[in-house]
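Good morning, and thank you for coming. I would like to take you through one structure today, going from accessibility and salt bridges to the pocket and a few individual residues.

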Amino acid sequence: GFEFRNEMSSGRSRKQCAAAFVDCGFVLLCGVIAALLGHNIPVTFLVMLESVAVLAIGEGSRGLTPGNMMFGLRTVRVEGMRDVTAGTLPAGMGRILVKYCVLIGSTLALVIGLIAVICSPLFAKDDLHQGWADRLASLGCVDIHQRVEALEEQPVVSSKFLRFPCLGCSPLLRASSQNSGGRVQTGSHANGKTGFSCTMPS
């Protein structure tokens, strides 16, 4: 398989934390507006739960939250960050449910628990810089503005179309099964996004 690393990974960790705080601010803003308009604590709590559900659906289906959109991040399955043949897949609602259960559960430890979980990517030792909630849910964050490089190149011998995780356009690259000279290399596409190109022999 292929392994990947992102340049300036510490900067990505800071973006993850900032994006998470923006999402928390979105939930609090919805609660404040509901409280000012309704003056009803149960209704305010319900509105905040609904705002969390909106975040979960957006992140599970598209990898997007207000914070992720602001900082150019996408939440994806961790398999696609380690193996190019796995493709870049959205988180999915099952894994997002695990992540949000961890986040909601951390609020039980006063506010400190939630802050610790949000800031956990800053203390991650691996190249993926997963936070605790993402690690438990097998998720990761990718920066769509950051160059992704493959650590090694290997011949592609499959005759099928393989979807490679180009964060900009997700192209379909074809590999020939009759000639193993084709190689997958990092490069830039015509639309300016960095991804992977397939160099086939003439």
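Let me begin with a term that I shall use throughout: a residue is called buried under 20% relative accessible area, exposed over 50%, and partly exposed in between. Glu-79 has a relative accessibility of 33%, and therefore counts as partly exposed. Please keep in mind that this is a predicted model.

First, the overall picture. The protein has 202 residues, of which 38% count as buried. Its secondary structure consists of 7 helices and 8 strands. If we take the contacts with a separation of 6 or more, 62% of them are between residues 24 or more positions apart.

I turn now to the charged side chains. How many salt bridges does the structure hold? There are 5, and I shall describe some of them.

Let us stay with Glu-79, since we have already met it. Glu-79 forms a salt bridge with Arg-95, and the closest N and O atoms are 2.8 Å apart. Glu-79 belongs to helix 4, residues 79-82, while Arg-95 belongs to helix 5, so the pair ties together parts that are 16 residues apart in sequence. Arg-95 is partly exposed as well, its relative accessible area being 23%.

A second salt bridge pairs Glu-59 with Lys-99, with 2.7 Å between the closest N and O atoms. Here Glu-59 lies in helix 2 and Lys-99 in helix 5, so this pair ties together parts that are 40 residues apart in sequence. Are these two partners buried or exposed? Both Glu-59 and Lys-99 are buried.

A third salt bridge joins the side chains of Arg-135 and Asp-126, at 3.6 Å from N to O. Arg-135 has a relative accessible area of 43% and is therefore partly exposed. Asp-126, at 22%, is partly exposed too. Beyond the individual pairs, salt bridges that share partners join Glu-59, Lys-99 and Asp-134 into one network.

Next, the empty space. Rolling a probe the size of a water molecule over the atoms shows where such space is left. The largest pocket has a volume of about 920 Å³. Its lining comprises 37 residues, and those nearest the centre are Cys-24, Leu-103, Thr-107, Leu-114 and Ile-118.

Which elements supply at least two residues each to that lining? They are helix 1 (9-38), helix 2 (41-62), strand 2 (73-77), helix 5 (93-106), helix 6 (112-119) and helix 7 (132-137). Helix 1 provides the largest share, with 9 residues. In chemical character, the lining of the largest pocket divides into 26 nonpolar, 7 polar and 4 charged residues.

I shall now consider some individual positions, beginning with the loops. Ala-124 is found in the loop between helix 6 and helix 7. With a relative accessible area of 15%, Ala-124 falls under the 20% limit and so is buried. Leaving aside residues up to four places away in sequence, Ala-124 touches His-129 and Gln-130. In addition, Ala-124 and Ser-13 are 8.7 Å apart in space, C-alpha to C-alpha, although they are 111 residues apart in sequence.

Two loop residues deserve a remark on their backbone angles. His-39, in the loop between helix 1 and helix 2, has a phi near 50°, a positive value in a residue other than glycine. With a relative accessible area of 69%, His-39 is exposed. The other is Ser-138, in the loop between helix 7 and strand 3 (139-143). Ser-138 is likewise not a glycine, yet has a positive phi of about 60°. At 31% relative accessible area, Ser-138 is partly exposed.

Finally, the cysteines. How many disulfides are there? The count comes to 0. Consider Cys-141: why is its sulfur not bonded to the closest cysteine sulfur? That closest sulfur belongs to Cys-17 and is 9.9 Å away, which is too far for a bond, because a disulfide requires the two sulfur atoms to be within 2.5 Å. Cys-141 is also buried, with a relative accessible area of 5%.

To close, I would recall two points: the buried pair of Glu-59 and Lys-99, and a largest pocket to which helix 1 gives the largest share of the lining. Thank you for your attention.

Note on methods: Residues numbered from 1 in each chain as written. Predicted model: local features only at pLDDT ≥ 70, side-chain atom pairs only at ≥ 80, totals over all residues. Heavy atoms only, no water. 1 Å grid on protein atoms, 1.4 Å probe; cavity = no way out; pocket = protein on both sides within 12 Å on 5 of 7 lines; lining within 4 Å. Points joined across faces, edges and corners; volume = space filled by probe spheres on them. Helix = DSSP H or I, 4+ residues; strand = E, 2+ residues; numbered from the N terminus. Nonpolar A, V, L, I, M, F, W, Y, C, P; charged D, E, K, R; others polar. Salt bridge = Lys/Arg side-chain N within 4 Å of Asp/Glu carboxyl O. Buried < 20%, exposed > 50% of the residue type's maximum accessible area, 1.4 Å probe, protein only. Contact = heavy atoms within 4.5 Å.
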